[in-house]
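Please look over the sequence and the model shown here before reading on. The explanation moves from the whole chain to single strands.

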Amino acid sequence: MNKSDLKPASVFEQFAKINQIPRPSKREEKMIDYLRQWGESHGLETKIDETGNVLIRKPATPGYENHKTIILQSHMDMVCDKLVDVDFDFDNDAIQTYIDGEWLRAKGTTLGADDGIGCAIELAILEANDIEHGPLECVFTRDEETGLTGAEGMKPGFMTGDYLINLDSEDEGEFFVSCAGGRNTQARFTFQREQAPNDYFFLKAQLKGLTGGHSGDDINKKRANAIKLLGRFLFQTMNRYKGVQLAQFHSGKLHNAIPRDGMFVIAVPNTIKENVKADWNVFAAIVEDEFHITDTQMVWSMESADAEPIIERQVARNFVWALQAIDNGIYAICQDPELNGMVETSSNIAAIHSTETEINILSSQRSNVMSNLDNMCATIVATFQLAGAEAYSSDGYPAWKMKAESQLRDTVVETYKELFGKTPIVRGIHAGLECGLFSERYPQLDMISFGPTLRDVHTPDERLLIPTVQMVWDHLLLVLKKL
């Protein structure tokens with residue numbers, strides 16, 4: 001493929017323009033201004049609420065004026081992650097894309113198709129003059145990726161439609177009708193630095209190249225978590241040898257991503273430094289065998305490091321023991337047969353960073369059953385509190401429950417069969433969608449979520465399956481016509 005093969009051209013043209021605009025979560029001002037100017041320049045009613053969400057209205061095409069209003073919704077922000085050796089400024093630089101077979105990728109960074117491709121589809125529909133549809137409201141929310149605060153801040157009445165199609169899903173041919181609720185749990189260890197004994201040797205260990213992925217949608221794939229692996233080695237080493245001390249620990253960036261890389265610095269007695277190096281190599285081989293299906297590009301290194309003050313010994317021990325004990329991964333599977341064995345409850349330890357006086361920990365918990373979400377968060381909090389840390393959970397966002405009857409769902413399924421001659425999958429998703437918050441503020445809304453196929457979102461391996469964009473486009477236009 002080359003760029004002339006990107007179809008529909010109108011969607012990919014919009015996506016290319018969007019990727020010129022920096023739009024990190026919580027810093028979407030340039031994108032908000034772009035959407036405002038775009039809507040006004042096309043003569044369309046455009047409004048921005050006090051949170052920064054943008055709504056652009058388009059009147060019905062002739063003959064469709066009496067149809068119910070359809071809301072198309074996507075989020076304008078993107079997860080900003082890059083390869084460790086790539087020089088890139090997400091606040092100023094444009095995403096550089098390239099075609100790899102049937103996939104669209106970015107050069108060393110996240111692609112921004114989550115959810116820039118949804119935004120591009122909306123803008124292409126707003127700009128088109130040959131599409132049949134009823135009244136449309138195209139909504140672009142901000143800060144979905146770091147807490148859904150755009151949807152959280154949206155007040156009743158901002159949207160006025162009857163149906164809502166969320167364009168933030170990642171598997172063409174799969175339609176989502178429920179989602180998990182979620183919270184973040186944070187912990188903090190405080191300490192005083194100490195001096196290591198004179199006969200100690202400092203080692204810096206690094207792990208990178210893990211697959212990572214979305215902490216909700218990919219948690220069932222049993223991929224390696226860099227934090228858990230580094231913590232596991234530290235626990236084994238501190239148990240095996242006396243006097244091993246911790247100086248630094250850094251891994252992970254985002255609450256909604258499985259950490260792909262990390263490092264720690266330890267101080268060990270000179271007499272055991274070669275033993276620790278050998279143990280690291282043995283541990284690497286064991287872990288690579290454990291994850292030989294999901295994580296095939298692991299890179300391990302351990303080298304000497306400069307001496308520095310160490311973390312207070314008892315605090316470091318408590319921290320490492322908590323890392324070993326913490327729940328991570330799948331906790332429960334949905335019991336509802338209609339949700340077909342979907343993950344119900346999970347936890348992801350997402351980011352840890354040490355400073356001169358603190359170790360700060362960020363994790364995220366998800367569940368389609370809010371009482372189990374409460375329990376999962378309480379388990380994480382209790383683990384860290386037992387280790388002597390301060391710990392608490394955020395308010396989070398609610399789950400979206402499937403409606404027993406849905407005209408929108410029925411229409412979406414029937415039009416898909418009509419177009420493609422096969423029955424789509426209708427299911428829930430173990431990730432947070434803004435539909436959960438919309439269902440609280442707009443209980444009358446009939447909602448569904450779908451989109452083109454994306455893989456490895458929230459990582460620099462994020463990619464978009466190009467042919468599925470045309471499929472989603474054709475299907476969406478038929479839904480707009482028939483709904």
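What follows describes a predicted model, beginning with the chain as a whole and ending with two of its strands.

The chain contains 11 helices and 25 strands. Its radius of gyration is 24 Å, close to the 23 Å that the globule rule gives for 483 residues, and the chain is therefore as compact as a globular protein of that length. Taken along the principal axes, the box filled by the C-alpha atoms is roughly 85 × 45 × 45 Å. Of the 483 residues, 59% count as buried, and the accessible surface of the chain amounts to about 19500 Å², with 47% of that area belonging to carbon and sulfur atoms. When contacts between residues at least 6 apart in sequence are considered, 79% of them join residues at least 24 apart. As for charge, the chain carries 47 positive and 71 negative side chains, yet the centres of these two sets lie 3 Å apart.

Among the strands, β3, which spans residues 70-75, offers a clear view of a covered element, since burial here means a relative accessible area under 20%, and six of the six residues of β3 are buried. In a regular strand the side chains alternate between the two faces of the sheet. In β3 both faces are covered, with Ile70, Leu72 and Ser74 buried on one side and Ile71, Gln73 and His75 buried on the other.

The pairing of β3 can be followed to two other strands. Six bridges join β3 to β6, made up of residues 136-141, and the two strands run parallel; the pairing of β3 with β7, residues 163-166, is likewise in the parallel sense and extends over four bridges. Ile71 serves as a useful reference point for both pairings, as its bridge partner in β6 is Glu137, while its bridge partner in β7 is Leu164.

A further part of the model is an open sheet of four strands, in which the order is β4-β5-β25-β24 and the pairing is antiparallel. The edge strands of this sheet are β4, at residues 97-100, and β24, at residues 454-455, each of which pairs on one side only. At the β24 edge, two bridges connect this strand to β25, which covers residues 463-465 and runs antiparallel to β24. Within this pairing, Arg455 stands opposite Arg463 of β25.

Conventions:
Residues numbered from 1 in each chain as written. Predicted model: local features only at pLDDT ≥ 70, side-chain atom pairs only at ≥ 80, totals over all residues. Heavy atoms only, no water. Buried < 20%, exposed > 50% of the residue type's maximum accessible area, 1.4 Å probe, protein only. Pairing = 2+ DSSP bridges. Rg over C-alpha atoms; globule rule 2.2 N^0.38 Å. Contact = heavy atoms within 4.5 Å. Areas by Shrake-Rupley, 256 points an atom, 1.4 Å probe, with all protein chains shown as cover. Lys, Arg positive; Asp, Glu negative; His and termini not counted. Charge placed at Lys NZ, Arg CZ, Asp CG, Glu CD.
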